[in-house]
Amino acid sequence: MYDVNSKCADDFINHEEILETLAYADENKNNKELIESLIKKASLRKGLSHKEASVLLACQDDELNEKIFRLAEQIKKDFYGNRIVLFAPLYLSNYCINGCTYCPYHMKNKHIARKQLTQEEIRREVIALQDMGHKRLALEAGEDPVHNTMDYYLESIKTIYDIKHKNGAIRRVNINIAATTVDNYRLLKEAGIGTYILFQETYHKESYLQLHPTGPKHDYNYHTEAMDRAMEGGVDDVGIGVLFGLDKYRYEFAGLLMHAEHLEAAFGVGPHTISVPRLRDADDIDSSSFTNGIDDDTFAKIVACIRISVPYTGMIISTREGMNTRERVLHLGISQISGGSKTSVGGYCEPEPEDAKSEQFDVVDNRTLDEVVQWLMQMDYIPSFCTACYRAGRTGDRFMSLCKSGQIQNCCHPNALMTLEEYLMDYASPVTKAIGDKLIDKEVLNVPNEQVRKTVLENLKLIREDNRR
Ligand code: SAM
């Protein structure tokens, strides 16, 4: 039985409810009147239910779809302005005891080189990332209770926060590791993690069980209820996502929104971010052997529909996507992207030898962070290295209320400009710096409050004189 408040995955991601939702969406996919009214409802910026959003996703009318895309762009601008948050993944270990059929970390893969970073290696990787200009990391690891223990993660997080190097310090460490216990989530929170990220992979339980035939991850309910435990452990920023390509995208979309609705209903705060990874080739994985892959147009539609359904939730895109796709979905709703990423364990310090590859998947966008920053600014986006909210304790519902009130514009815009100027001074190539300085000079005039604008101008002057407060 569908029950948004229940703590049982079978209730809040209820299979029958999803099937009914998809049938309703099918019946109404040409119902112009209903679709128009849903677009109008979404334009109030209060979101849509999984059922309503599923109708919009199913809509095949070009004109109405165009309206959905335009609304997504507008909502993106209203809630996030033109800022794009940047981060990089840091792969700590690819030891894994699971049997996921789409992931090269699976236990039976004897071909991939297994590696786990020591604390010294983590230091070296982080310094390499800081030298690019990164301030936010997403830690990644396979699931292996012997190698990848909670103590190892806690020590690694401490190591990272303790590194002071030139002008750089990692200010926010997010973590994407296997589902765990409330006590462990509490420890991660105490260690200062930002967002706890865990992809559902697929919400379709039967497929899930087949795609995860062995190992702890086989337990669908334990995995799906992870965010409830994380919230109980005090982690109020959680990041959800599905791996598109594993099952039918319309099912996944409905499941994703039901998950968000459940977290909001049960804890008063929805997910901080939604990620939209698509399945890629990897070591011994041939993505073409999975039959549910989605094309770029469908992918763009999914991003737009998520944007208008949960306007206050950040959206993340990784380097699994190339430049053109990233550009398209940035306009439609993405608020965070990775740049200069390596998916190998230890890949930031040294390229891996051909015969000892540890990568998780093939990176499609191989540009450097400087190139990504320059590209963003050429499109008039402000690459943001700001972590002020997190450092000021504005996480979970406190962040959401800032976002929902529209105030995010007033405090985020100035912070983003100042941290971008610091990045330009410290790390950018001369061409990137010239483009960035011009953009900042233009953007600072858009700070609405006169007093704040004056302070930002003063601070920018000091940063440019290399005289930081
Ligand atoms: N061990 C953690 C877990 O169990 O969720 C973290 C997993 S991994 C480091 C991060 C994500 O990479 C996975 O959740 C999965 O969605 C994604 N992934 C795995 N194989 C992939 C592939 N072949 N292509 C694209 N993404 C993949």
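This is a guided tour of a structure, in which each stop suggests what to select and describes what is there.

**Before you start**

The model is predicted, and local features are described only where pLDDT is at least 70, side-chain atom pairs count only at pLDDT 80 or more, and totals for chains, interfaces and linings use all residues. Residues are numbered from 1 along each chain as its sequence is written.

**The whole protein**

Begin with everything shown as a cartoon, where there are 20 helices and 9 strands; helices (H or I, at least four residues) and strands (E, at least two) are DSSP runs, numbered from the N terminus. The radius of gyration is 21 Å, close to the 23 Å that the globule rule gives for 469 residues, so the protein is as compact as a globular protein of that length; this radius is taken over C-alpha atoms, and the rule is 2.2 Å times the number of residues to the power 0.38. Along its principal axes the C-alpha trace spans about 60 × 55 × 40 Å.

Of the 469 residues, 51% count as buried; a residue is buried if 20 or more other C-beta atoms lie within 10 Å of its own, exposed if 12 or fewer, and partly exposed in between, with C-beta atoms placed from the backbone. Among contacts between residues at least 6 apart in sequence, 77% join residues at least 24 apart, where two residues are in contact if their C-beta atoms, placed from the backbone, lie within 7 Å.

**Strand S1 and its partners**

Select residues 83–93, which form strand S1, and notice that 11 of its 11 residues are buried. Two strands pair if DSSP finds at least two bridges between them, and S1 pairs in the parallel sense with strand S2 (residues 136–141) over 5 bridges. In that pairing, Tyr91 stands opposite Glu140 in S2.

Now add strand S8 (residues 336–338), which is parallel to S1 and paired with it over 3 bridges; here Phe87 has Ser338 as its bridge partner. Strand S9 (residues 382–384) also runs parallel to S1 and is joined to it by 3 bridges, and Arg83 is partnered there by Ile382.

To see how the chain passes from S1 to S2, show helix H6 (residues 119–132), which completes a right-handed β-α-β unit with these two strands; a crossover is right-handed if, with the strands pointing away from the viewer, the path from the first strand over the helix to the second runs clockwise.

**From S6 through S7 to S8**

Next select strand S7 (residues 314–317), from which Gly314 and Ile316 point one way and Met315 and Ile317 the other way, and all are buried. Strand S6 (residues 273–275) runs parallel to S7 and is joined to it by 3 bridges, with Ile316 as the bridge partner of Ser275. S7 also pairs with S8 in the parallel sense, over 2 bridges, and in this pairing Ile317 stands opposite Ile337.

Two right-handed β-α-β units meet at S7: one is made by S6, H13 and S7, and another by S7, helix H14 (residues 323–332) and S8.

**Helix H13 and the core**

Select helix H13 (residues 296–309), whose 14 residues should span 20 Å at 1.5 Å a residue, and whose end C-alpha atoms are 20 Å apart, which agrees; the expected span is 1.5 Å times one less than the number of residues. In H13, 11 of the 14 residues are buried, among them Val303 and Cys305.

Both Val303 and Cys305 are among the residues with the most contacts inside the largest nonpolar core, which has 132 residues; such a core is a set of buried Ala, Val, Leu, Ile, Met, Phe, Trp, Tyr and Cys residues joined through C-beta atoms within 7 Å. Helix H12 gives the most to this core, with 9 residues. Leaving aside neighbours within four places in sequence, Val303 is in contact with Val276, Met315, Val329, Leu332, Gly333 and Ile334.

**Two residues with positive phi**

Finish with Asp380, in the loop between helix H15 (369–378) and S9, which has a positive phi of about 70 degrees although it is not a glycine. Asp380 counts as exposed, with 10 C-beta neighbours inside 10 Å. Asp466, in the segment after helix H20 (450–464), likewise has a positive phi, near 60 degrees, and is exposed, with 9 other C-beta atoms within 10 Å.
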